[in-house]
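Open the model in your viewer and keep the selection tool handy. We will take in the whole chain, then walk through a few selections one by one.

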Amino acid sequence: MPWFYSTLNIIIGKTSYYKNVSRGTMKNKYDIIVVGAGHAGCEAAVAAAKLGSQVLLVNLNLSLVAQMSCNPAMGGIAKGQIVREIDALGGMSGIVTDYTMVQFRMLNRSKGPAMWSPRAQSDKYAFSLFWKQILENQPNLDLRQDCVIDVIVENNKIIGVKTLQGNSLFAQKIILTNGTFLNGKIHIGEISFSGGRMGEPDSPMLSNNLAELGLSVKQLKTGTPVRLDGRTIDFSVMEEQKGDDNPAKFSFTNTPKVKNQLSCWIVYTCKQVHDILRTGFEKSPMFQGRIRGVGPRYCPSIEDKIDRFSDRDRHQLFLEPEGRNTNEYYLNGFSSSLPEEVQAAALKHVPGLQHAHILKPGYAIEYDYFDPLELNPSLESKKLPNLYIAGQLNGTTGYEEAACQGLLAGINAHRAIKELPPLILSRSEAYIGVLIDDLTTKGVQDPYRMFTSRAEYRILLRQDNADIRLSPIGHQIGLIDDERIKTMENKYQRQQDLEIFLTKENIKPNEINPYLETIDSSLLTQPIKAAQLLLRPQVDFNTIIENVPAVEKEVERLHLQEEEIENVEISVKYGPYIIKEKELADRMSKIDNVKIPASLDYHSFVSLSLEAREKLTKVKPQNLGQASRISGINPADIAILLMHLKG
């Protein structure tokens with residue numbers, strides 16, 4: 001027998017021996033087990049552990065946590081509001097982003113403050129490493145590298161999980177946050193293979209087993225662009241996109257502001273690029289029907305854009321740096337599943353990319369997800385008690401959408417163990433509330449992405465006031481400490497003091513008329529209250545401070561920071577609109593307070609349409625407000641239910 005066979009036998013024997021010893025001593029009972037260490041899983045695990053639950057986080061590879069599988073950025077339109085809300089509740093995504101960002105921009109500054117959305121380019125490698133350090137240093141949290149292949153059921157309730165390594169792990173609550181890994185299949189032209197991400201295996205068994213237990217399993221598709229070697233890119237012919245001159249941040253805690261920002265670069269495709277890409281359509285898995293999952297409507301692949309918008313001669317692309325210590329660039333806007341040779345040929349005709357070297361081709365990925373209509377607003381499964389599902393498994397797309405679901409799942413799993421009511425955020429309290437309500441009442445037909453247009457109360461749900469909206473809740477449930485809540489209260493007291501001052505302080509014409517003349521605003525003929533002058537749309541508060549000594553003195557006395565001054569300006573300028581929206585939210589909340597018994601038999605209501613009876617039975621809304629937001633439910637149906645519930 002060759003020597004290496006005997007050596008292999010010794011290694012296998014020792015491995016088996018130590019594995020058996022480990023099984024005898026390792027911990028296999030927890031309060032909560034979180035499966036998957038993406039953005040949702042990390043937030044879920046840390047939140048539950050902070051609250052006091054004993055948590056196990058299981059991941060296929062513990063060297064790859066909180067991966068930025070797609071673009072190296074956090075925030076964006078409405079997504080930035082979500083990151084700030086996560087932070088305000090006591091989550092970690094905002095803190096990690098602040099410590100690892102390489103550029104910051106506040107989007108939509110040309111629009112009203114309800115539309116302002118913070119966005120950061122992140123160092124994707126530092127981001128993941130920072131998260132790993134948080135996980136490893138969090139009390140009450142254990143980590144394990146393994147693959148969960150099944151759940152353990154007893155008396156129709158989930159009590160644990162089984163792993164590929166042969167372990168049975170038990171917990172009172174299980175949170176699934178597997179992202180795109182369940183039956184993941186990668187497509188590049190005519191080539192397809194299993195994988196949860198490029199270079200990582202998928203998890204093929206779990207969704208099949210859960211389907212056998214009654215969960216509805218469906219498929220979605222997403223994609224990612226090529227990664228390019230920055231040393232082979234000619235940036236001189238591209239438009240530079242720098243970060244803000246005075247960058248803000250995400251967290252309301254004392255995190256650092258980004259320094260030495262890296263630039264992004266803007267470039268455009270052209271007709272020749274489109275013509276070359278079209279030559280690959282016959283090998284496209286999307287156009288040839290090999291991809292069955294529905295792709296993201298609002299982030300289509302480059303071939304989909306060319307097909308759908310055939311009249312357009314060019315599409316905008318963004319080159320985004322992947323980190324400070326890498327030459328890798330992400331080509332945002334060029335997501336593709338076309339053959340790699342077609343992608344490469346087309347890129348040669350994009351200005352500045354004639355000699356660009358592809359590090360990783362773009363690809364599409366199909367994956368299983370679970371119908372979110374089968375979840376309670378707490379994110380617990382209606383069919384399998386003790387099972388919580390969060391992130392892309394619920395049909396969403398984006399790190400931010402996943403992270404906020406994970407945070408709420410972790411909070412609610414812990415609260416259920418403690419026999420406390422779940423934390424359910426309303427649509428007027430948070431974008432997180434809008435997202436979860438949309439998922440659990442409307443479901444998804446394609447990957448769900450948050451937009452400001454999805455929120456009815458955008459003026460209330462601004463990025464600047466997420467702390468006053470949600471930190472008291474985070475404090476009440478135990479994720480925000482006393483010191484932080486006191487700091488927030490002091491901040492808003494200072495802002496309120498300045499607002500009161502502005503309603504009383506007169507501004508004289510000679511103080512402000514020279515400025516008003518420069519902006520073509522009506523000149524003053526008599527003194528006016530500072531707050532009244534601020535109502536003029538074109539009047540800038542900082543310029544008032546510079547020109548009116550009394551206002552400047554008061555700002556200095558109160559020690560207001562730049563963000564606090566901006567908050568006061570928003571509060572004064574948009575005060576009437578804020579009041580009106582609050583009144584509307586209060587009126588609408590009345591039907592949210594009308595509870596619906598879980599046992600209500602909708603099929604007994606012959607006056608309801610058949611569609612209404614079927615959808616209400618499937619969704620099982622907890623209150624009348626949720627019922628009213630189910631697709632296909634009309635006002636007449638709600639009136640019938642209200643009469644019954646009030647009667």
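What radius of gyration does the protein have, and how does that agree with a compact globule of 647 residues? This is a predicted model, and its radius of gyration is 27 Å; a compact globule with 647 residues would come near 26 Å, so the two agree.

**Whole chain.** Show the C-alpha trace first: along its principal axes it spans about 100 × 70 × 50 Å. Switch to cartoon and you can look for 22 helices and 21 strands. If you colour by burial, 55% of the 647 residues count as buried. Contacts reach far along the chain, too: among those between residues at least 6 apart in sequence, 72% join residues at least 24 apart.

**Helix H20.** Now select residues 610–619, which form helix H20. Show side chains for Ala612, Arg613, Leu616 and Val619, the buried residues of this helix. Look down the axis of H20: these buried residues fall within an arc of 145°, so they line one face of the helix. The general rule is that an α-helix has 3.6 residues a turn, so residues three or four places apart point the same way. To see what covers the buried residues of H20, add helix H11 (431–442), helix H21 (624–628) and helix H22 (635–646), which are among the covering elements.

**Tyr602.** Step back to the loop between helix H19 (575–592) and H20, where you will find Tyr602. Is Tyr602 buried or exposed? Its relative accessibility is 4%, and because buried means under 20%, Tyr602 counts as buried. Leaving aside neighbours within four places in sequence, select its contacts: Ile596, Leu608, Arg613, Leu616, Thr617, Pro621 and Leu641. Arg613 and Leu616 will be familiar from the buried residues of H20. For a sense of scale, draw a C-alpha to C-alpha distance from Tyr602 to Lys259: they are 59 Å apart in space and 343 residues apart in sequence.

**Just after H20.** Next, click on Lys620, which takes a positive phi of about 50° just after H20. Lys620 also leads to our last stop, as one of the residues that line the largest cavity.

**The cavity.** How many cavities of 30 Å³ or more does a search of the whole structure find? The search finds one, and the volume of the largest cavity is about 40 Å³. Select its lining: Leu375, Pro377, Lys382, Thr440, Thr441, Val619, Lys620, Pro621, Gln622 and Gln626. Coloured by type, these lining residues divide into four nonpolar, four polar and two charged.

Notes
Residues are numbered from 1 along each chain as its sequence is written. This is a predicted model: local features need pLDDT of at least 70, side-chain atom pairs count only at pLDDT 80 or more; totals for chains, interfaces and linings use all residues. Side-chain values use heavy atoms; hydrogens and water are left out. On a 1 Å grid over the protein atoms alone, a cavity is a set of points where a 1.4 Å probe fits but cannot get out, and a pocket is an open set with protein on both sides within 12 Å along at least five of seven lines; lining residues have an atom within 4 Å of a point. Grid points are joined across faces, edges and corners, and a volume is the space filled by probe spheres set on the points. Ala, Val, Leu, Ile, Met, Phe, Trp, Tyr, Cys and Pro count as nonpolar, Asp, Glu, Lys and Arg as charged, and the others, Gly among them, as polar. Buried means under 20% relative accessible area, exposed over 50%, partly exposed in between (1.4 Å probe, protein chains only). Helices (H or I, at least four residues) and strands (E, at least two) are DSSP runs, numbered from the N terminus. The arc is that of the directions from the helix axis to the C-beta atoms. Contact means heavy atoms within 4.5 Å. The radius of gyration is taken over C-alpha atoms; the globule rule is 2.2 Å times the number of residues to the power 0.38.
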